[in-house]
Amino acid sequence: MPFTNIVYTAAAAPLLLVPCPCHRLTANYPSPRSYTHPLHRSKISPQLPMPLRRRRARRPSAVVERSDPPDTGEDKDEQRVSSDIKTVLRRFLKIAAPYWSSEDKVQARLRLAALFALTLGTTGISVGFNFLGRDFYNALASKDQEQFTKQLIYYLGAFAGGIPFFVVRDYARETLSLRWRSWMTRYYMQRYFKNQTFYKIQSQSIIDNPDQRIVDDLSSFTGTALSFSLTLFNAAIDLISFSNILFGIYPPLFGVLIVYSLGGTAISVLLGKGLVTLNFMQEKKEADFRYGLVRVRENAESIAFYGGEGNEMQLLLQRFRSAFENLTELLIASRNLDFFTNGYRYVIQILPAAVVAPMYFSGKIEFGVINQSVSAFNHILSDFSLIVYQFQAISAFSAVINRLGEFNDVLDENESYITRDEHTDEVHIMFLDKDPLVSNGSVPQFEHHKLLQIENLTLQTPRTRNTLITNLSVEINDKEHLLVMGPSGSGKTSFLRALAGLWNTGKGNIIFYVEEVSKHASVSADGVPSSSADIVRTDEKQRGSKKSRAGGVFFLPQKPYMVLGTLRQQLLYPTWNDEIQPASNDSSGSLPFLSQAPSLVDESNKPEKPTVEDMIQVLKTVQLGDIVSRFNGLDSIYEWSSVLSLGEQQRLAFARLLLAKPKLVLLDESTSALDDDNEARLYRQIEAAGITYISVGHRQTLRSYHKKILYISQYDPSHTNEQNWRLESINQTTKEANSTRQQ
């Protein structure tokens with residue numbers, strides 16, 4: 001549905017004898033913009049705060065192994081949005097507060113103070129116009145041409161002097177809103193990526209459309225919050241300023257105003273109580289429809305191969321029909337509310353004049369006083385009738401607060417959205433030094449060649465806690481390459497997820513021996529790692545973060561992730577980041593908190609950044625030497641996941657690996673799209689680079705490149721005491737047989 005503007009109660013329309021309350025002399029909040037809903041092209045409410053734009057669709061995520069289906073019931077969504085006023089206010093304060101105590105607090109508070117000062121000035125101008133209007137119409141009614149000309153000149157001078165205040169006030173509000181939004185966008189993105197919360201949200205289907213909440217809801221929140229705050233402030237000043245005027249003209253008119261506004265508020269709340277839920281559900285249903293269209297675009301080739309156009313059309317129509325039906329209910333609720341609010345607005349055009357007309361007919365007041373009373377009445381009534389005039393805006397804003405409140409709760413992990421382990425057992429990931437310090441020779445050093453130690457690992461799926469692997473203990477030494485095999489669904493990729501820190505449900509220890517975390521090492525007197533209670537573990541601070549990557553652990557999935565950027569950025573990802581370059585040399589409008597992305601991990605031990613020659617050479621090594629000329633250099637930008645085949649993407653991922661030079665790499669069927677020759681060449685290259693690797697795969701040819709093989713079978717709940725894995729060495733005879741078979 002369309003959302004336009006809040007009517008800001010700053011000034012009345014002094015040139016009209018009976019001014020319409022919905023067309024007042026002021027710049028609306030925010031600046032006038034129009035928006036048309038994709039299902040409805042007419043305006044539903046002319047007084048909503050700002051274009052609370054429709055959300056963008058969710059981007060398809062990487063395929064992840066889920067242990068249980070997501071709960072997407074509409075009943076749950078409706079219960080979730082039906083928050084009481086106390087909850088909405090609590091969420092509002094929690095969302096709004098951080099910025100005003102942030103590193104930008106000085107600028108923020110100064111700008112807000114200036115904005116309130118300008119608002120106070122515009123209210124004073126409105127009061128001045130009220131008295132100018134009275135004298136202007138008195139001169140007109142008395143047919144005093146000289147006085148009329150004089151008042152007209154005063155009027156024009158007041159316009160010339162007053163309009164800049166309204167313009168500057170609007171500009172100050174817009175710039176503060178933009179600054180606030182910029183800070184909040186960075187703040188929420190930092191929390192979204194921290195501790196890989198984005199992965200937990202997507203893999204467990206915790207909330208819908210986090211991208212929309214960052215892009216659209218934050219924009220709507222900052223602009224609308226400022227608009228409402230200024231409206232309430234202006235209403236309070238208006239109430240003080242114009243109450244004296246109205247009460248001085250005719251006290252009973254003030255009583256009529258209070259009764260009229262309170263009755264209108266009660267009726268508006270009764271008629272519009274369902275709008276919050278309907279607005280919330282409309283956001284979700286339209287997002288689902290757009291998401292379906294995005295999936296068609298990004299999977300166009302697969303759909304075309306299947307000939308699935310008819311099925312896609314049917315699914316999309318179902319989603320559109322769901323959005324259409326909800327919007328129909330929304331329009332009906334809005335129509336019912338508009339019947340009342342429109343009548344409420346137009347009755348007040350004659351109500352104050354009707355009340356004071358007997359005094360004019362008896363000669364107790366002049367004609368200009370009628371205009372003054374109408375203007376003051378409209379001002380004060382608008383202050384008392386904020387809920388009536390802004391009910392649809394308030395309901396839409398409440399939906400935004402609820403969506404951001406949910407997102408905020410997820411990011412803070414204060415609610416039960418992210419699955420929390422209520423059991424004492426969990427998988428602990430630890431980073432220990434390869435060569436811990438020796439104290440007076442009493443503490444022996446660890447084995448120099450050990451890279452990874454897995455102790456009594458029992459791995460379970462999140463939420464449902466289905467057991468996948470039981471009591472696994474393995475040690476991986478330098479150059480001791482491990483192949484993980486087993487039937488589909490046995491937990492091979494889940495095992496890699498546990499190593500990467502993405503899953504921690506279960507029990508046991510995973511210990512990485514890496515060089516730069518000696519400060520975290522813990523060694524007992526007998527030279528072995530301390531117990532899990534004593535050893536520093538990563539938990540949520542280090543689990544699966546780039547800490548493990550910087551510590552010499554790298555991961556290559558079956559379908560590599562292609563970043564949005566240049567070919568150079570594809571090669572540097574994720575080990576190195578290009579610094580953000582300023583858009584221009586003029587930094588007058590720049591914001592310090594947008595100049596560089598925050599560092600989420602310790603980057604002190606990164607390897608040296610490769611040169612252009614290094615990148616070109618590694619592309620030749622992985623048989624992609626022509627890619628630079630094909631795409632006009634390293635700084636060309638394309639949709640790489642579309643222009644490169646899956647095999648080329650996998651080779652590009654190996655190029656990243658060779659540039660990063662980690663100590664250990666986890667390969668999840670990373671050569672599945674390659675022929676045997678390219679597969680052999682890449683494995684030889686990473687082995688020659690001194691990189692130890694753990695591979696998951698089904699191909700028998702992979703045996704030739706590994707020293708050990710870990711078989712994982714399907715877990716049988718009826719045999720809880722039996723381990724479902726076995727570890728074997730791959731002898732040279734087997735390797736030679738596989739090599740002969742390839743030839």
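Which residue lies in the loop between α17 (567–572) and α18 (612–621)? Select P592 and you have the answer: P592 sits in that loop. Keep in mind on this tour that the model is predicted.

**Stop 1: P592 and a distant partner in sequence**

With P592 selected, turn on a surface. P592 is exposed, its relative accessible area being 56%, where exposed means over 50%. Now add E103 to the selection and draw a line between the two C-alpha atoms. P592 and E103 are separated by 489 residues in sequence, yet the C-alpha atoms lie 9.7 Å apart in space.

**Stop 2: α3 against α4**

Next, select helix α3, residues 105–141, together with helix α4, residues 145–193. Their axes come within 9 Å and cross at roughly 160°. Angles over 145 degrees count as roughly antiparallel, and α3 and α4 are therefore roughly antiparallel to each other. The crossing of this pair is left-handed. Colour the contact by residue type, and you should find 21 nonpolar, nine polar and five charged residues between α3 and α4.

**Stop 3: α3 against α6**

Keep α3 on screen, hide α4 and bring in helix α6, residues 210–249. Here the axes are 10 Å apart, and the two helices pack at an angle of about 35°. The crossing of α3 past α6 is right-handed. To see what meets what, show the side chains: on the α3 side the contact includes L112, L115, F116 and F131, while α6 contributes residues including L226, L230, F233 and I245. Polar residues are there to pick out too, among them T119, T123 and N130 of α3 and S229 and N234 of α6. Overall, the contact of α3 with α6 has twelve nonpolar residues, seven polar and one charged.

**Stop 4: α6 against α12**

Leave α6 in view and swap α3 for helix α12, residues 367–384. The axes of α6 and α12 come within 9 Å, crossing at roughly 145°, and the crossing is left-handed. Among the residues that meet are L239, F242 and I249 in α6 and V369, F377 and F384 in α12. The contact of α6 with α12 comprises eleven nonpolar, four polar and two charged residues.

**Stop 5: α12 by itself**

Finally, isolate α12 and check its length. At 1.5 Å a residue, its 18 residues should span 26 Å, and the end C-alpha atoms are indeed 26 Å apart, which agrees. Then bring the rest of the structure back around α12. Is this helix largely enclosed or largely open? Of its 18 residues, 16 are buried, so α12 is largely enclosed by the rest of the structure.

Key
Residues are numbered from 1 along each chain as its sequence is written. This is a predicted model: local features need pLDDT of at least 70, side-chain atom pairs count only at pLDDT 80 or more; totals for chains, interfaces and linings use all residues. Side-chain values use heavy atoms; hydrogens and water are left out. Helices (H or I, at least four residues) and strands (E, at least two) are DSSP runs, numbered from the N terminus. The expected span of a helix is 1.5 Å times one less than its number of residues. Buried means under 20% relative accessible area, exposed over 50%, partly exposed in between (1.4 Å probe, protein chains only). Axes are lines fitted to C-alpha atoms, for helices over the stretch in contact, and angles run from 0 to 180 degrees between N-to-C directions. A crossing is left-handed if the near helix is turned anticlockwise from the far one by less than a right angle, and right-handed if clockwise. Contact means heavy atoms within 4.5 Å. Angles under 35 degrees count as roughly parallel, over 145 as roughly antiparallel, 65 to 115 as roughly perpendicular and the rest as oblique.
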